[in-house]
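Colleague: I'd like a close look at one part of this model, with enough of the rest to place it. Could you walk me through it?

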Amino acid sequence: QVQLVESGGGLVQAGGSLRLSCAASGSIFSIYVMGWYRQTEGTQRELVATIASGGGTNYADSVKGRFTISGDNAKKTVYLQMNSLKPEDTAVYYCNADLQTTWRARTRNEYWGQGAQVTVSS
């Protein structure tokens with residue numbers, strides 16, 4: 001089984017910072033991509049940032065220059081450093097992993113965390 005456990009969510013004032021963490025555990029042979037998505041009420045889940053196992057990153061235009069995604073391969077953990085937070089960043093942030101569970105599976109599957117609430121007050 002694969003589990004993604006998120007931590008670091010909370011309440012912060014506009015202009016402040018917050019750091020999210022997501023640790024993957026369980027049957028994992030290879031991780032291809034890990035990332036963060038967010039969703040507000042009545043909206044579809046949108047990409048925030050991703051990082052590939054080789055270190056390549058991708059960001060949504062709305063967070064470029066403010067958010068930084070990083071990873072620790074040894075710990076199978078991905079981080080999202082969020083600076084200069086705005087009220088519009090308020091959302092539930094979900095950790096995502098695209099991985100292969102075993103060498104025999106030869107299939108990439110996606111897994112999701114339970115979500116972490118981030119609230120930015122004005």
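How many helices and how many strands does the secondary structure of the protein chain come to? After that, please zoom in on the open sheet that β7 belongs to.

Modeller: Sure, and keep in mind that this is a predicted model. The count is zero helices and eleven strands, so reading from the N terminus you just get β-β-β-β-β-β-β-β-β-β-β. The radius of gyration is 14 Å, close to the 14 Å that the globule rule gives for 122 residues, so the chain is as compact as a globular protein of that length. Along its principal axes, the C-alpha trace spans about 50 × 25 × 20 Å.

Now for your sheet. Four strands make it up, in the order β1-β3-β8-β7, with antiparallel pairing, and the sheet is open. At its edges sit β1 (2–7) and β7 (67–72), each of which pairs on one side only. Neighbouring strands here are turned by 15° against each other on average, if you ignore direction.

Zooming in on the β7 edge, its partner is β8, residues 77–82. The two run antiparallel and are joined by six bridges. Within that pairing, isoleucine 69 stands opposite leucine 80 of β8. As a general point, strands of a sheet pair through backbone hydrogen bonds, either parallel or antiparallel.

Back at the level of the whole chain, 39% of the 122 residues count as buried. Among contacts with a separation of 6 or more, 56% come from residues 24 or more positions apart. The accessible surface comes to about 6800 Å², and carbon and sulfur atoms account for 45% of that.

Notes
Residues are numbered from 1 along each chain as its sequence is written. This is a predicted model: local features need pLDDT of at least 70, side-chain atom pairs count only at pLDDT 80 or more; totals for chains, interfaces and linings use all residues. Side-chain values use heavy atoms; hydrogens and water are left out. Two strands pair if DSSP finds at least two bridges between them. Axes are lines fitted to C-alpha atoms, for helices over the stretch in contact, and angles run from 0 to 180 degrees between N-to-C directions. The radius of gyration is taken over C-alpha atoms; the globule rule is 2.2 Å times the number of residues to the power 0.38. Buried means under 20% relative accessible area, exposed over 50%, partly exposed in between (1.4 Å probe, protein chains only). Contact means heavy atoms within 4.5 Å. Accessible areas come from the Shrake-Rupley method with a 1.4 Å probe; for residues, only the protein chains shown count as cover.
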